[in-house]
Amino acid sequence: MPPRSPSTTRSLADDIRGRSDEELTALLAARPDLARPAPSDLTALAARSSTRASTARAIDGLDTAHAQVLEAASAGGEVVTPAGLTRSLGDADPDRVTRLLDDLWGLALVWRAPEGLVVTRTAKDVLGEGVAGLGPSASDLPGGDAPDAATLRAAIEAAPPRARAILDRLTWGPPVGIVPPEDGPGRPGPSDDGPRWLLAHGLVRAVAADQVALPREVAMVLREGRVHRQPQLDPPPLDGPQRDGDAVDAAAGSAASAVLALLDELLDSWSQTPPRVLRTGGLAVRDLKAAAARLDTSPEHTAYLVELALIGDLVADDGEVDPHWVPTAEYDAWQTEPGGERWARLAMAWLTTTRAPHRVGSRTDAAAVVNALGPDVQWPPIRSLRREVLDLLSAAGAGVATTPADLAAAVRWRRPRRVPRTLEDVVEAVLREAAWLGVTGHGALSVAGRAVLAGDGDVAVVAESIHPHLPAPVDAVLLQADLTAIAPGPVTGSLAAFLRLVADVESRGGATVHRFSDASIRRCLDTGWTGEDILAGLRDASSTPVPQPLEYLVRDVARRHGTVRVRGVGAIVRSEDEAGLDLMLANRRLAALQLRRIAPTVLTSPTGPEVVLEMLREEGFSPVAESPSGTVTVPTRPVRRVVRRSTVDPALVHAMDRAQIGSLVAGLRAAESHAQAQAATPAGRTGPPIPANDPTTSVAVIREAIADGRAVWLGYSDGIGRTQRMLFYPERLDGGRVSGVSQGVSRTLSIHRITGVVTD
């Protein structure tokens, strides 16, 4: 359908009805909220686009260049032209200003009248009266209209020093100043005194006993026609040191490998001893500290890891009466996948999540501490901020390590109305998490990071991008005589499980150092391994012979292991080592067990066997559990799992594709043609067909009609459910009701009873 002639364009609705299918498609793609739910026709679409909520959402999405052009247009009067805006923006590039105005027109924030461009009334309301630091117009202030520009300029040049100083303070806003009591507008004084001189010459207006305001017309003369002191139509540059691409990808691969290993170790420990869920949800601080000690990571890094496990559906609340954080069934499937696929799933989940791990440890508005895995970690703005930071890092160029300050400035330029107060901290947190995950390396975006940004949910593509940079897993370790084992790369599978059982991680990095000790060997023996089994496992795991000190350690712990046996009575402690039993009886820290000797080799305790075993191990003894038949009992520690319940992120809104928008535009065009045909058919009915509008859209149409002094046709449901149509002249909208005149009678209608509205 060809665009409507400009001469017939009287309103935003006429402008939208006159757009081509391609222009309507672009509008709905840029403002998808207009399409949900689908409007009944183009008139309803225009009404919905002028609602305050939708307009505010569109303005909030503008960058600084578009926002400043819109503000300049809003401050420039009813109708503006590109040439006039060019002057008010500091003689900006006319072509650039024209392109920015076209973008605003495409968003339906301005519409084209025969005389020029008109900013929508709702857009002006959203921007507010103090746009760009300008005050109200002189006609809206006491004292009437302002003189012409030449008169104002002459008065400003004649202003005494103190008056001129006041003007300089008010020029760029805020436009209201407080006058000291001795200089108040109502007090007598010398005529050359600053505030009174300005009042006498009409350069400021008194708005209160101690306040004066600078009219917009005076401010524009003082600003020499400019709306903004420093127009920023171009984004700030993104600079930084250049990193070697191979080094960036290698660092990212190393970080990716580390995060996989850390999550594997964390969730393996939670499989056996899952932490409790707090009554308010989340993970207790002591459990977070315990995880940090086990992983040898900082509290911030640990909070990020446990949040990443939740984001990746690897851990969940088991929903029991006594709830715990338990690995999910998806964790078992995740473990079996190659490293690239495991990382890809985590990276894509992190990019789109609305959880902000950096908030852990901070305080909410109610002064409560934000716990990891808790509901307060949810912060929807982080998703768009995270994407924006990484997009800017990608736009800076391959290997460019842009500083957090430059990225924060660029984010502020791209979304000036939607930046948090702590923007710099948020940007630093996003970069820190990206480095931990391997999305960046040495501060620059890696090849894998770029694949995550452009992956569109394709796990295989993202996995392929990280796979060449992941360190190759090792199948053997180097056993040292100092009771350590060095893994020169990532350890996976059964070898990783064996090392977690028989040794403790001492340090991480390019090579991981595992430390053998009495406690670690005893931990392995407690699960049913024998000393010979451990030595055989070490021989299979090592590319070198088992060092003699390590073999002695294993045999010595194995020899002492099980010499003390515990069976339930409360508990019986039996040992052939009478001296060892004497030590137990003499140990004050075991007094709580109330041990009593009933035979040279037998002690009893009223405490349960599990408590006796734990306390004896804490004091350096090596007891084992014994069954009533006298055989050693190997404790079973079942692996706990929970089935992750399918959930949909409430903050996630899927964009409409071009095919869906095209189908919607075709339906709108058909509905509009049908409405025009009905209006042109003399069927004895008066007025156009009334669409079925939602209350928000109806209110927007009525508000526009009140401002323009126009009548509307509306459908109104009475008390018995009967709908009548009427020609209504709205006058006032307040408290869910609209007052006006219909058929010469004053009426007040309830908004919730109005079924639809269309302008006459």
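**Exercise 1. Find the bridge partner of Ile 572 in E17, and place that pair in its strands.**

Solution. The bridge partner of Ile 572 in E17 is Thr 604. The model is a predicted one, in which local features need pLDDT of at least 70, side-chain atom pairs count only at pLDDT 80 or more, and totals for chains, interfaces and linings use all residues. Residues are numbered from 1 along each chain as its sequence is written, and side-chain values use heavy atoms, with hydrogens and water left out. Next, strand E15 (residues 571–575) and strand E17 (residues 602–605) run antiparallel and are joined by 4 bridges, where strands (E, at least two residues) and helices (H or I, at least four) are DSSP runs numbered from the N terminus, and two strands pair if DSSP finds at least two bridges between them.

**Exercise 2. Describe how strand E16 (residues 596–599) pairs with E17.**

Solution. The pairing of E16 with E17 is antiparallel, over 3 bridges. Within it, Arg 597 has Leu 603 of E17 as its bridge partner. Finally, 2 residues lie between E16 and E17, which form a hairpin.

**Exercise 3. Determine which residues of helix H27 (residues 578–586) are buried, and how they are arranged.**

Solution. First, Gly 580, Leu 581 and Met 584 are the buried residues of H27, buried meaning under 20% relative accessible area, exposed over 50%, and partly exposed in between (1.4 Å probe, protein chains only). Seen down the axis of H27, these buried residues fall within an arc of 100°, so they line one face of the helix; the arc is that of the directions from the helix axis to the C-beta atoms. The face turned away from the buried side carries the exposed residues Leu 583 and Ala 586.
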